[in-house]
Amino acid sequence: MIGPSIVIKGTVSGDEDLLVQGRVEGKIELNEHVVSVGESGRVAADIFAKAVNIDGEVTGDITGNEKVVISKSGNVRGNIVAPRVTLEDGAIFKGSIDMDPGDAAVKKVSLAPGVSSSSSGSDDGSPAFDLKSNG
Amino acid sequence: MTAKQTSKLLSSLFSRIDIEERLTVLHIGPALPETVEYFSNFRCKLFFVDLFSELPQSSDEEGAPSLEEQFAGLLDFPEGTKFDLCLFWDIFNFLDSIAIAAFLGELRPYVTSSTLAHGFAAYKRSTPQTGHLYGIADQGTVNIRPRGQLMSTYTPHAQNELKSRLDYFGISRSVLLPDSRLELLFSISQPGKLA
């Protein structure tokens, strides 16, 4: 763990999971492990990890080999690459998300039953009207 | 609090997209959890640009960046990026005709003749501001959340006015919703203007 009063400038690497409660500027490389940025954590670095959980602030690109989760207190500005990304309610995110859930997930969606084209309206019971089709 | 609204056009939109291919999506507005969750089922790259939080404004002040320069800074995507799908939810209600032209002008390099778009807009100028944020719950349902506060830059266009201001985009389908709002499907109507 990197405690709340600790500031690290440079590359953080190793062979165990990491919890950042302090500040890191540079790069975090823990490709086989979980990186968590706690609520007091402030990271200005690119992160490479198996999984990344963010409760604090991250400015930088994030690569998660399995998943990236931004919690309700998380604030991320950067680009994310991961098979799956989850934003919780209240999370703030600016940037891009590059996801590839794999063949099985994509096929599951493509085989899902379609939505009837005759469905219309809203939850207040008011109808919706298709106005026109210009081809 | 999240309300749900049936969408007649999202299913139509996704039926026109090969979801087994990799998608590149532009989302204008803040990232909401349900939209990320929905697209997590696809091979895709999502670009979130929250124009609502940093809406470009024209200024007469000397040295102030032009609208084009402001949009260019906000729509600064990697070289070669081409969007399959753009989600314009409500943004045209907050841009005047000059800003729409600047926005579409800066978006032009990232659009192809097969780019599709979905959006919400006002049906007429008197349509009141709803202050909604939108997210995709599924192909037939849009989640609607309150934005928090109404924006002073609300300048809704009547449908015909908007249609005439969309440059290379055209409105291929529209559905009248409650509160005099529209759900819209856009496609490229004038591919010659993309060159």
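**Exercise 1. Confidence in the predicted model**

Over residues 113–127 of chain A, pLDDT stays under 50. Determine how many contacts beyond four places in sequence the model has for this stretch, and set the result beside the confidence values of both chains and of the complex.

*Solution.*
Step 1. For residues 113–127 of chain A, the model has 27 contacts beyond four places in sequence. The structure is a predicted model, and pLDDT is the predictor's confidence in each residue.
Step 2. The average pLDDT of chain A is 83, and 76% of its residues score at least 70.
Step 3. For chain B the average is 90, and 100% of the residues score at least 70.
Step 4. For the complex, the predictor gives an ipTM of 0.89 and a pTM of 0.87.

**Exercise 2. The make-up of chain A**

State how many helices and strands chain A contains, and in which pattern they follow along the sequence.

*Solution.*
Step 1. Chain A has 1 helix and 10 strands.
Step 2. Along the sequence, the pattern reads β-β-β-β-β-β-β-β-β-α-β.
Step 3. Chain A has 135 residues, of which 27% are buried.
Step 4. Among the contacts in chain A with a separation of 6 or more, 2% are between residues 24 or more positions apart.

**Exercise 3. A residue of chain A**

Decide whether V58(A) is buried or exposed, and identify its contacts.

*Solution.*
Step 1. V58(A) belongs to strand 5 (residues 57–59) of chain A.
Step 2. The cut-off for a buried residue is 20 or more other C-beta atoms within 10 Å. V58(A) has 29 C-beta neighbours inside 10 Å and therefore counts as buried.
Step 3. Leaving aside neighbours within four places in sequence, the contacts of V58(A) are V37(A), V43(A), I47(A), V76(A) and G78(A).
Step 4. E25(A) lies 33 residues from V58(A) along the chain, and their C-alpha atoms are separated by 10.0 Å.

**Exercise 4. The largest nonpolar core**

Name the residues that touch the most other members of the largest nonpolar core, and the strand that gives the most to this core.

*Solution.*
Step 1. In soluble globular proteins, nonpolar side chains tend to be buried together.
Step 2. The largest nonpolar core has 83 residues, and those touching the most other members are I47(A), V25(B), L26(B), I28(B), F39(B), L87(B) and F88(B).
Step 3. With 6 residues, strand 4 (residues 42–54) of chain A gives the most to this core.
Step 4. Not counting residues up to four places away in sequence, I28(B) touches V49(B), L51(B), L87(B), F88(B), W89(B) and I91(B).

**Exercise 5. A sheet in chain B**

Describe the order and pairing of the open sheet of 3 strands in chain B, and explain why strands 1 and 6 stand at its edges.

*Solution.*
Step 1. The strand order is 1-7-6, and the pairing is antiparallel.
Step 2. Strand 1 (3–6) and strand 6 (132–138) of chain B each have a single partner strand, so one side of each is left without a neighbour in the sheet.
Step 3. Direction ignored, neighbouring strands of this sheet are turned by 35° against each other on average.
Step 4. Strand 1 and strand 7 (residues 141–146) of chain B are joined by 4 bridges. One pairing between these strands links K4(B) with N143(B) in strand 7 of chain B.

**Exercise 6. Two helices of chain B**

Find which residues of helix 3 and helix 4 of chain B are buried, and how they are arranged around each axis.

*Solution.*
Step 1. In an α-helix there are 3.6 residues a turn, so residues three or four places apart point the same way.
Step 2. In helix 4 (residues 97–107) of chain B, A99(B), I100(B), A102(B), F103(B), E106(B) and L107(B) are buried. Seen down the axis of helix 4, these residues fall within an arc of 165°, so they line one face of the helix.
Step 3. Helix 3 (67–74) and strand 5 (111–122) of chain B are included in what covers the buried residues of helix 4.
Step 4. The buried residues of helix 3 of chain B are L67(B), Q70(B) and F71(B). They cover an arc of only 95° around the axis, which puts them on the same side of helix 3.
Step 5. The buried residues of helix 3 pack against helix 4 of chain B.

**Exercise 7. Positive phi angles**

State where D167(B) is placed, and what value its phi has.

*Solution.*
Step 1. Most residues other than glycine have a negative phi.
Step 2. D167(B) is not a glycine, yet it has a positive phi of about 55°.
Step 3. D167(B) lies in the loop between helix 5 (159–164) and strand 8 (169–177) of chain B. With 18 other C-beta atoms within 10 Å, D167(B) is partly exposed.

How values were computed. Residues are numbered from 1 along each chain as its sequence is written. Chains are lettered from A and ligands numbered from 1 in the order in which they are written. This is a predicted model: local features need pLDDT of at least 70, side-chain atom pairs count only at pLDDT 80 or more; totals for chains, interfaces and linings use all residues. Two strands pair if DSSP finds at least two bridges between them. Axes are lines fitted to C-alpha atoms, for helices over the stretch in contact, and angles run from 0 to 180 degrees between N-to-C directions. A nonpolar core is a set of buried Ala, Val, Leu, Ile, Met, Phe, Trp, Tyr and Cys residues joined through C-beta atoms within 7 Å. A residue is buried if 20 or more other C-beta atoms lie within 10 Å of its own, exposed if 12 or fewer, and partly exposed in between; C-beta atoms are placed from the backbone. Two residues are in contact if their C-beta atoms, placed from the backbone, lie within 7 Å. The arc is that of the directions from the helix axis to the C-beta atoms. pLDDT is the predictor's confidence in each residue, from 0 to 100.
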